[in-house]
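Biologist: I am new to this protein and would like to go through it with you step by step. Could we take one question at a time?

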Amino acid sequence: MSFSRYFKLVAIATALMIGYSPAAKKVSSGKICNASGPEALHEPKGKGGYIPAETGSRVTKKDRFKTGVESLIIIGLPDGSSLTINERTEAEMAELLNEDGINHNQVNILNGKVNFDVQKQAKVSEFKFKTGTATAAIRDTA
């Protein structure tokens with residue numbers, strides 16, 4: 001096989017591989033919109049311990065949050081939804097994924113109370129929350 005023919009084959013194969021992209025599956029992130037009180041704590045995934053939650057900090061899948069007396073954390077999500085982690089609560093952002101405009105979110109409430117303000121979701125998007133005794137989903141809300 002001549003060099004020019006080999007070069008053409010490699011160029012075509014490279015162009016095809018660059019043009020191919022699997023489904024746009026990406027991990028989303030939210031951010032802490034407000035962290036107030038003496039015991040508003042955030043444990044970023046893989047960091048090994050709680051640190052004081054800071055307004056503007058990034059929130060990703062598997063991040064954990066803990067609040068004590070007179071503390072709360074408000075987290076804003078990419079679709080405009082938000083969740084408020086009230087005082088004396090521990091929660092984990094179990095899933096935070098966006099796949100071709102379809103959101104898959106799940107919050108594990110380990111103890112305490114969390115308030116949700118969920119924006120209208122696409123038909124196949126899901127926003128779930130789970131406690132020690134139940135799992136529920138928020139669907140088709142405005």
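Biologist: Let me begin with a single side chain: is Phe127 buried or exposed, and what is its relative accessible area?

Modeller: Please keep in mind throughout that this is a predicted model. A residue counts as buried when its relative accessible area is under 20%. Phe127 falls below that cut-off and is therefore buried, with a relative accessible area of 0%.

Biologist: Which residue forms an edge-to-face aromatic pair with Phe127?

Modeller: By the rule used for ring pairs, the count comes to 2 aromatic pairs. In the edge-to-face pair that includes Phe127, the ring centres are 5.6 Å apart and the planes stand at 85° to each other, and the partner is Phe116.

Biologist: In which strands do the two residues of that pair lie, and how many residues apart are they?

Modeller: The pair links distant parts of the chain, since Phe127 belongs to strand S12 (residues 126–130). Phe116 belongs to strand S11 (residues 114–117), and the separation between the two is 11 residues.

Biologist: Which residues do the ring pairs link into a cluster, and is Phe116 buried or partly exposed?

Modeller: The ring pairs join Phe116, Phe127 and Phe129 into a cluster. For Phe116 the relative accessible area is 24%, and since buried requires a value under 20%, Phe116 is partly exposed.

Biologist: Stepping back to the whole chain, how many helices and strands does the protein have?

Modeller: Read along the sequence, the pattern is α-β-β-β-β-β-β-β-β-β-β-β-β-β. Of the 142 residues in the protein, 33% are buried. The count of elements is 1 helix and 13 strands.

Biologist: What is the order of the strands in the open sheet, and which strands stand at its edges?

Modeller: The open sheet has 5 strands with antiparallel pairing, in the order S5-S2-S7-S8-S11. A strand at the edge has a single partner strand, so one side of it is left without a neighbour in the sheet, and this applies to S5 (58–59) and S11.

Biologist: At the S5 side of this sheet, which residue stands opposite Gly30?

Modeller: Strand S2 (residues 30–36) and S5 run antiparallel and are joined by 2 bridges. Within S5, the residue opposite Gly30 is Val59.

Biologist: Cys33 also lies in strand S2; which residues does Cys33 touch beyond those up to four places away in sequence?

Modeller: The relative accessible area of Cys33 is 40%, so Cys33 is partly exposed. Its C-alpha lies 9.7 Å from that of Arg58, although the two are 25 residues apart in sequence. Setting aside residues up to four places away, the residues that Cys33 touches are Thr55, Ile74, Ile75 and Gly76.

Biologist: Moving along the sheet, which residue of S8 is the bridge partner of Ile73?

Modeller: Strand S7 (residues 72–76) runs antiparallel to S8, and 4 bridges join them. In the hairpin of these two strands, 5 residues lie between the strands, and Gly80 takes a positive phi near 95°. The bridge partner of Ile73 in S8 is Ile85.

Biologist: Which residues of strand S8 are buried on each of its faces?

Modeller: In a regular strand the side chains alternate between the two faces of the sheet. Both faces of S8 (residues 82–85) are covered, with Ser82 and Thr84 buried on one side, and on the other side Leu83 and Ile85.

Biologist: Which element gives the most residues to the largest nonpolar core?

Modeller: That core has 18 residues, and those with the most contacts inside it are Phe65, Ile73, Ile75, Leu77, Leu83, Ile85 and Val107. The elements giving two or more residues to the core are S7, S8, strand S9 (89–99) and strand S10 (102–111). With 3 residues, the element that gives the most is S9.

Biologist: Finally, where is Pro44 placed, and which residues does Pro44 contact beyond its neighbours within four places in sequence?

Modeller: Pro44 is in the loop between strand S3 (40–43) and strand S4 (51–52), and at 16% relative accessibility Pro44 counts as buried. Its C-alpha is 7.4 Å from that of Val59, with their positions 15 residues apart in sequence counted as the separation. Leaving aside the neighbours within four places, the contacts of Pro44 are Gly49, Ile51 and Asp63.

Notes. Residues are numbered from 1 along each chain as its sequence is written. This is a predicted model: local features need pLDDT of at least 70, side-chain atom pairs count only at pLDDT 80 or more; totals for chains, interfaces and linings use all residues. Side-chain values use heavy atoms; hydrogens and water are left out. Buried means under 20% relative accessible area, exposed over 50%, partly exposed in between (1.4 Å probe, protein chains only). Contact means heavy atoms within 4.5 Å. Rings of Phe, Tyr and Trp (its six-membered ring) pair if their centres lie within 6.5 Å; planes under 30 degrees apart count as stacked, over 60 as edge-to-face and the rest as tilted. Two strands pair if DSSP finds at least two bridges between them. A nonpolar core is a set of buried Ala, Val, Leu, Ile, Met, Phe, Trp, Tyr and Cys residues joined through side-chain atoms within 4.5 Å.
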